[in-house]
Amino acid sequence: MRLNVGIDGPVGAGKSTVADAVAAKLGILHLDTGAMYRALGLTALRRNMDVQNEQAIVALCNSLNFAVTHEADGQHTFVEGEDVTGLIRTQEVGMAASTVSRYAEVRKAMVRLQQKLASETDMLLDGRDICTTVLPDATAKIYLTASAEERARRRFLELQKKNSPETFEQVLEEVIKRDEQDMNRPVEPLRQAEDAVLVDSTNLTFDEVVDTILRIVEEKR
Ligand code: C5P
């Protein structure tokens, strides 16, 4: 039987790094689905498009060829054959991704591609709608979260390491704004699937989070 694990949760919950570690321990690939929405957001920004213009963004999405590969150094995300991996991690692209991901036709295209990838090999997917929509029959479903302050604190420390100028207050504001946008959009809002297990990482170390999730996966297998 195909091993598919879904991890959903809000921005800054540590999904990506936790998912990487869990997938490595399980010996399966990790698909970061946010990178695909970011790749679309980046392309819209580069073409000076208005991300609020649903019709134009849907047309753009349908005209583009997205692809993902897994290399020794992790996931690489491609748009029209160009590797955009190094360009999609900015706050600006994250916000654009959050906006374009509100559009139903965009979601349909991304979900289709994610389902295809997950059907081809054992895989762990992280995102916002994995357990509710992309993999309704996943082997194990996790909802990973932490308090907004803790998520902002972690993100702030990361940005400081990169000498980024944001203050803690700005990062917290951004976290709250993105939560608001992701949880209140009409199409596939972020929510915990009924059969997902809640993991609150506010007071857990990274290793404790990874171990907790591995235990849940082993129980469900
Ligand atoms: O996880 P990440 O911050 O890279 O995701 C960027 C944005 O893409 C999120 O704010 C969210 O709006 C959107 N997203 C989504 N569904 C997913 C993954 C990401 O709507 N499965």
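In these legends, Ala, Val, Leu, Ile, Met, Phe, Trp, Tyr, Cys and Pro count as nonpolar, Asp, Glu, Lys and Arg count as charged, and the others, Gly among them, count as polar. Please keep in mind that the model in every view is predicted.

**View A. The second largest pocket and its lining.**
The space in this pocket comes to about 150 Å³. Two elements, α3 (54-63) and α5 (104-120), each give two or more residues to its lining. To trace the lining, start with Cys61, Asn62, Leu64, Asn65 and Phe66, then move on to Ala109, Met110, Arg112, Leu113 and Lys116. With five residues, α5 gives the most to this lining. By character, the lining residues are six nonpolar, two polar and two charged. The two polar ones are Asn62 and Asn65, and the two charged ones are Arg112 and Lys116.

**View B. The largest cavity, lined in part by helix α8.**
The volume of this cavity is about 40 Å³. Val11, Gln91, Arg155, Val171, Glu174, Val175 and Arg178 form its lining. Helix α8 (residues 168-184) contributes the most, with four residues. Three lining residues are nonpolar, one is polar and three are charged. Here the nonpolar ones are Val11, Val171 and Val175, while Gln91 is the polar one. Look out for Arg178 in this lining, since Arg178 turns up again in the next view, around the ligand.

**View C. Residues around the ligand.**
Which residues come nearest to the ligand? Of the 15 residues around the ligand, they are Arg38, Arg107, Asp129, Arg178 and Asp182. Three of the polar side-chain approaches are worth finding on the model. Arg38 places a polar side-chain atom 2.6 Å from a ligand oxygen. For Asp182, a polar side-chain atom is 2.7 Å from an oxygen atom of the ligand. For Asp129, the partner is a nitrogen atom of the ligand, with a polar side-chain atom 2.9 Å away.

**View D. Ile88, a buried loop residue.**
Ile88 sits in the loop between β5 (82-83) and α4 (91-100). Is Ile88 buried or exposed? Ile88 is buried, because its relative accessible area of 1% is under 20%. Leaving aside residues up to four places away in sequence, Ile88 touches Ala35, Arg38, Ala39, Leu42, Thr77 and Val93. One of these neighbours, Ala35, is 53 residues apart from Ile88 in sequence, yet their C-alpha atoms are 7.1 Å apart in space. Another neighbour, Arg38, also has a place beside the ligand in View C.

**View E. His30 and its two acidic partners.**
Strand β2 (residues 29-32) holds His30. His30 counts as buried because its relative accessible area is 8%, under the 20% limit. Which side chains make polar contacts with His30? The side chain of Asp126 does so at 2.6 Å, and that of Asp20 at 2.9 Å. Not counting residues up to four places away in sequence, His30 touches Ser16, Ala19, Asp20, Ala23, His70, Gln75, Leu124 and Asp126.

**View F. Thr139 in the loop before β7.**
The loop between α6 (130-134) and β7 (140-145) is home to Thr139. Thr139 is classed as buried because its relative accessible area, 19%, falls under 20%. When residues up to four places away in sequence are left out, Thr139 touches Arg2, Leu3, Asn4, Lys220 and Arg221.

**View G. Two glutamates with positive phi.**
Most residues other than glycine have a negative phi. Glu80 is not a glycine, but has a positive phi of about 50 degrees. Its place is the loop between β4 (74-79) and β5. Glu80 counts as partly exposed because its relative accessibility, 48%, lies between 20% and 50%. Glu188 likewise has a positive phi, near 45 degrees, and belongs to the loop between α8 and β8 (197-200). Glu188 is also partly exposed, with a relative accessibility of 30%.

Technical notes
Residues numbered from 1 in each chain as written. Predicted model: local features only at pLDDT ≥ 70, side-chain atom pairs only at ≥ 80, totals over all residues. Heavy atoms only, no water. 1 Å grid on protein atoms, 1.4 Å probe; cavity = no way out; pocket = protein on both sides within 12 Å on 5 of 7 lines; lining within 4 Å. Points joined across faces, edges and corners; volume = space filled by probe spheres on them. Buried < 20%, exposed > 50% of the residue type's maximum accessible area, 1.4 Å probe, protein only. Contact = heavy atoms within 4.5 Å. Near = heavy atom within 4 Å. Polar contact = N/O pair within 3.5 Å; in protein donor to acceptor, adjacent residues only side chain to side chain.
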